[in-house]
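Subject: A structure for you to look at

Hi,

Here is the structure I promised to pass on. Have a look at it first, and then read my notes underneath.

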Amino acid sequence: MQLNRAYRYELSPNTKQKTLLAQHAGAARFTYNWGLALRIELYEKSKKSTNAIEQHKLLNSIKLSDFPWMYEVSKCAPQEALRDLDKAFKNFFRGLKQNQKNGFPRFKKRSYYDSFRLTGTIKIKNKEIQLPRLGSIRLKENSKVKGKILSATVSRDADRWYVSITVEQHIEIPNQVIGEAVGVDVGLHCFAALSNKEKQFAPKPLEKKMKRIKRLSKQHSRKTKGSKNRIKSALKLARQHRKIRNTRKDYLHKFSTKLAKTKSVIIIEDLDIRGMLRGSGKLNRPIHDAGWGEFRRMLEYKTTWYGSKLVVAPRYYPSSKLCSKCDFKVNEMPLSIRDWCCPSCQSQHDRDINAALNLLKFYTGSSPGIYACGDPSNGGTGNWSTSYGSLKQELMSGINVHKL
């Protein structure tokens, strides 16, 4: 099986190399903004558009006279920046056709979060990587890169530099995971409730560090613009945000890997996260802190790696409103209700566990532990259960299945 995989390592550049890295990032940012300004101007004058190839030809023709400093950096940095701009416009226009809000491309500003991409001759060995025009840069750990190197994306996060190496590799089709199927309901009270009645609680790093973030933000706002003290305070704030992101990603990676390696089928719900963010300002910060979208993205590729299967139930599937015992559906289920009693069968339910049981029931077509559609290890082939079949057939048209 052929796939693309990325390996990310932290760089350990010297002072001269840090300057070169910053120059490459600045060239990529400038080229992106230059290309975006030209596209906007062209459209306003003639209602026409252009592409990355045409813009790169134009840049090469004026580089010597207008931007001679670009010869100090690799040609790949501005070239790949124009390709990224081209991709941003394609995503924007595709979103318009599909009635999605992808957003118009915006200008990039100078900050502690820069990046640029390089192609060409890239070599990596042990604790060193060789990049075009940058030479050999030390890594902070031994590399484990295998496969054909396609590109290297160098990024700055606060005061640290990282490289993400994209490779093309051939791997053997993994054996199917032998384990139970599990429904996973994500939430804010607990990060995930599983259909086996297990609950996972996230570290909530942003909530824990919010007091310090507010204090650092106030200190930064009081510094004089353009002063060295303001630069120092911005770096402190960026470091704090980096710690928060690393804590969140560490938890999501560990939990998603555990699920992909031990569960044969993982059933999650297609959440309308954008709609939730528009619905209530009080929940915006906790939803962002949870990282539901990143969790789903990790499951999508990790289930492919390890031989399990990801099933995504349709959006607006009423997993929280259904009784997992008798399929009775209640009309309203506010977030404040954590435990409830079914009016039909008088069963007591934990809100999150009940939702996870319903997600598992959606896949299997029967009560948990009784696979009316067949063994989940072979994809669940068989007949629908009569008690749950009508609802499942209604929603099956919108199901997404990620498998090998």
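Below is what I found, going from strands to loops to the surface.

One thing before you start: this is a predicted model.

Let's begin with strand β4, which covers residues 128–131. Its side chains alternate: Ile129 and Leu131 point to one face and are buried, while Glu128 and Gln130 point to the other face and are not. If that pattern is new to you, in a regular strand the side chains alternate between the two faces of the sheet.

β4 has a partner in strand β3, residues 123–125, with the two running antiparallel and three bridges joining them. Have a look at isoleucine 124 here, whose bridge partner in β4 is isoleucine 129. The hairpin of β3 and β4 has two residues between the strands, and in this hairpin asparagine 126 takes a positive phi near 50°.

β4 also pairs with strand β5 (residues 135–138), again in the antiparallel sense, this time over four bridges. Isoleucine 129 turns up here too, standing opposite isoleucine 137 in β5. The hairpin of β4 and β5 has three residues between the strands, and arginine 133 is the residue there with a positive phi, near 65°.

Now compare that with strand β11, residues 265–269. Five of its five residues are buried, so the strand is mostly covered by the under 20% cut-off for relative accessible area. Both faces are covered: Val265, Ile267 and Glu269 lie on one side, Ile266 and Ile268 on the other, and all are buried. Do notice that a glutamate, Glu269, is on that list.

Which strands does β11 pair with? Strand β8 (residues 181–186) is one of them, in the parallel sense over three bridges, and valine 182 has isoleucine 266 of β11 as its bridge partner. β12 is another, also parallel, over five bridges. In that pairing, isoleucine 267 stands opposite valine 311 in β12.

Two loop residues are worth a click as well. Alanine 158 is not a glycine, yet has a positive phi of about 60°. You'll find alanine 158 in the loop between β6 (148–157) and β7 (160–170). Is alanine 158 buried or exposed? It is buried, because its relative accessible area is 1% and the cut-off for buried is under 20%. The other loop residue is aspartate 327, also not a glycine, with a positive phi near 70°. Aspartate 327 sits in the loop between β12 (309–313) and β13 (339–341).

Last stop, the surface. There is a positive patch formed by Lys209, Lys211, Arg212, Arg215, Lys228, Lys232, Lys236 and Lys243. The elements that give two or more residues to this patch are α4 (205–221) and α5 (228–262).

Take lysine 232 as one member to look at. Lysine 232 is found in helix α5. Why does lysine 232 count as exposed? Because its relative accessibility is 54%, and exposed means over 50%. For a landmark, try histidine 220: lysine 232 and histidine 220 are 12 residues apart in sequence and 8.7 Å apart in space, C-alpha to C-alpha.

If you want a short route through the structure, start at isoleucine 129, the bridge partner of isoleucine 124, then go to the buried residues of β11, and finish on the positive patch.

Cheers

Terms used. Residues numbered from 1 in each chain as written. Predicted model: local features only at pLDDT ≥ 70, side-chain atom pairs only at ≥ 80, totals over all residues. Heavy atoms only, no water. Patch = residues over 30% accessible without salt bridge, like charges linked within 9 Å, V, L, I, M, F, W, Y side chains within 5 Å. Areas by Shrake-Rupley, 256 points an atom, 1.4 Å probe, with all protein chains shown as cover. Salt bridge = Lys/Arg side-chain N within 4 Å of Asp/Glu carboxyl O. Lys, Arg positive; Asp, Glu negative; His and termini not counted. Charge placed at Lys NZ, Arg CZ, Asp CG, Glu CD. Buried < 20%, exposed > 50% of the residue type's maximum accessible area, 1.4 Å probe, protein only. Pairing = 2+ DSSP bridges.
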